[in-house]
Amino acid sequence: MRSFTGLKEISKYTTSVIIAFFIDLIIFYLLMKILKIHYLYSSIISLIAGFLTNYYLNNNWVFKKRKYKKNKLKEVKIMVLISIIISGLNILGITLLIEITKIRALNSKLIASFITFILKYYLRKKILYSVK
């Protein structure tokens with residue numbers, strides 16, 4: 001039963017991240033291609049939209065156990081800190097891929113987002129959603 005619960009949680013987390021990622025990606029594309037906003041600004045705005053989506057889904061659907069459930073302000077601060085660090089790495093990755101390797105912006109976004117997905121899951125699970 002415990003392994004089923006863990007598998008269910010991982011599946012829900014992956015689904016929530018995919019939903020948030022597509023919101024992030026669609027907003028990034030629309031801002032950059034349709035509104036002609038620079039890719040760095042587009043990335044920052046789209047990351048915020050993805051964060052808000054992911055935060056809501058994580059707390060209301062994915063995780064049953066929350067370390068800071070009774071201290072929501074602390075929980076939000078930690079989640080924002082993790083997201084800022086990960087977003088910074090995401091933006092750095094996009095910038096390096098575009099400017100140094102000359103990979104197209106959308107492809108750079110996909111590569112950087114995949115790498116930071118793994119890191120974000122690990123940090124959130126260990127810091128926010130592990131209750132001993």
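I78 is buried, with a relative accessible area of 17%, where buried means under 20% relative accessible area, exposed over 50% and partly exposed in between, computed with a 1.4 Å probe and protein chains only. The model is a predicted one, in which local features need pLDDT of at least 70 and side-chain atom pairs count only at pLDDT 80 or more, while totals for chains, interfaces and linings use all residues. Residues are numbered from 1 along each chain as its sequence is written, and side-chain values use heavy atoms, with hydrogens and water left out.

I78 lies in helix 3; helices here are DSSP runs of H or I with at least four residues, strands are runs of E with at least two, and both are numbered from the N terminus. Leaving aside neighbours within four places in sequence, I78 is in contact (heavy atoms within 4.5 Å) with Y68, I127 and L128. For the pair I78 and L128, a separation of 50 residues in sequence goes with a C-alpha to C-alpha distance of 7.7 Å.

Helix 3 also holds I86, which is buried with a relative accessible area of 2%. Residues up to four places away in sequence not being counted, I86 touches T116, L119, K120 and L123. The C-alpha atoms of I86 and L35, which are 51 residues apart along the chain, are separated by 26 Å. Another residue of helix 3 is N90, which counts as buried at 2% relative accessibility. Beyond the residues up to four places away in sequence, N90 touches S43, L47, K109, A112, S113 and T116, whereas the C-alpha atoms of N90 and K64, 26 residues apart along the chain, are separated by 28 Å.

A buried asparagine is also found in helix 2 (residues 39–62), namely N54, whose relative accessible area is 4%. With residues up to four places away in sequence set aside, N54 touches S16, V17, A20, M79 and R124.

K109, one of the contacts of N90, leads on to the charged pairs. A salt bridge is a side-chain nitrogen of Lys or Arg within 4 Å of a carboxyl oxygen of Asp or Glu, and by this rule the count comes to two salt bridges. In one of them K109 is paired with D24, the closest N and O atoms being 3.0 Å apart. Because K109 lies in helix 4 and D24 in helix 1, this pair ties together parts that are 85 residues apart in sequence. K109 counts as buried at 0% relative accessibility, and D24 counts as buried at 6%. The salt bridge between E75 and R66 has its closest N and O atoms 2.6 Å apart, and both E75 and R66 are buried.

From these pairs the path turns to empty space. Rolling a probe the size of a water molecule over the atoms shows where empty space is left. On a 1 Å grid over the protein atoms alone, a cavity is a set of points where a 1.4 Å probe fits but cannot get out, whereas a pocket is an open set with protein on both sides within 12 Å along at least five of seven lines, and lining residues have an atom within 4 Å of a point. The second largest pocket has a volume of about 350 Å³, a volume being the space filled by probe spheres set on grid points that are joined across faces, edges and corners. This pocket is lined by 21 residues, of which V17, F21, S113, F117 and K120 lie nearest its centre. Helix 1, helix 2, helix 3 (72–99) and helix 4 (105–127) each supply at least two residues of the lining.

On the surface, I18, F22, I26, Y29, L30, I34, L35 and L106 make a nonpolar patch of about 750 Å². Helix 1 (residues 2–34) gives the most to this patch, with six residues. I18 is found in helix 1 and counts as partly exposed at 41% relative accessibility.

Two loop residues remain. Most residues other than glycine have a negative phi, and most peptide bonds are trans. K36, although not a glycine, has a positive phi of about 60°; K36 lies in the loop between helix 1 and helix 2 and is exposed, with a relative accessible area of 66%. K102, also not a glycine, has a positive phi of about 65°; K102 has its place in the loop between helix 3 and helix 4 and counts as exposed at 61% relative accessibility.

Note on methods: Patches are made of residues with over 30% relative accessible area and no salt bridge: like charges are joined within 9 Å, nonpolar side chains (Val, Leu, Ile, Met, Phe, Trp, Tyr) within 5 Å. Accessible areas come from the Shrake-Rupley method with a 1.4 Å probe; for residues, only the protein chains shown count as cover.
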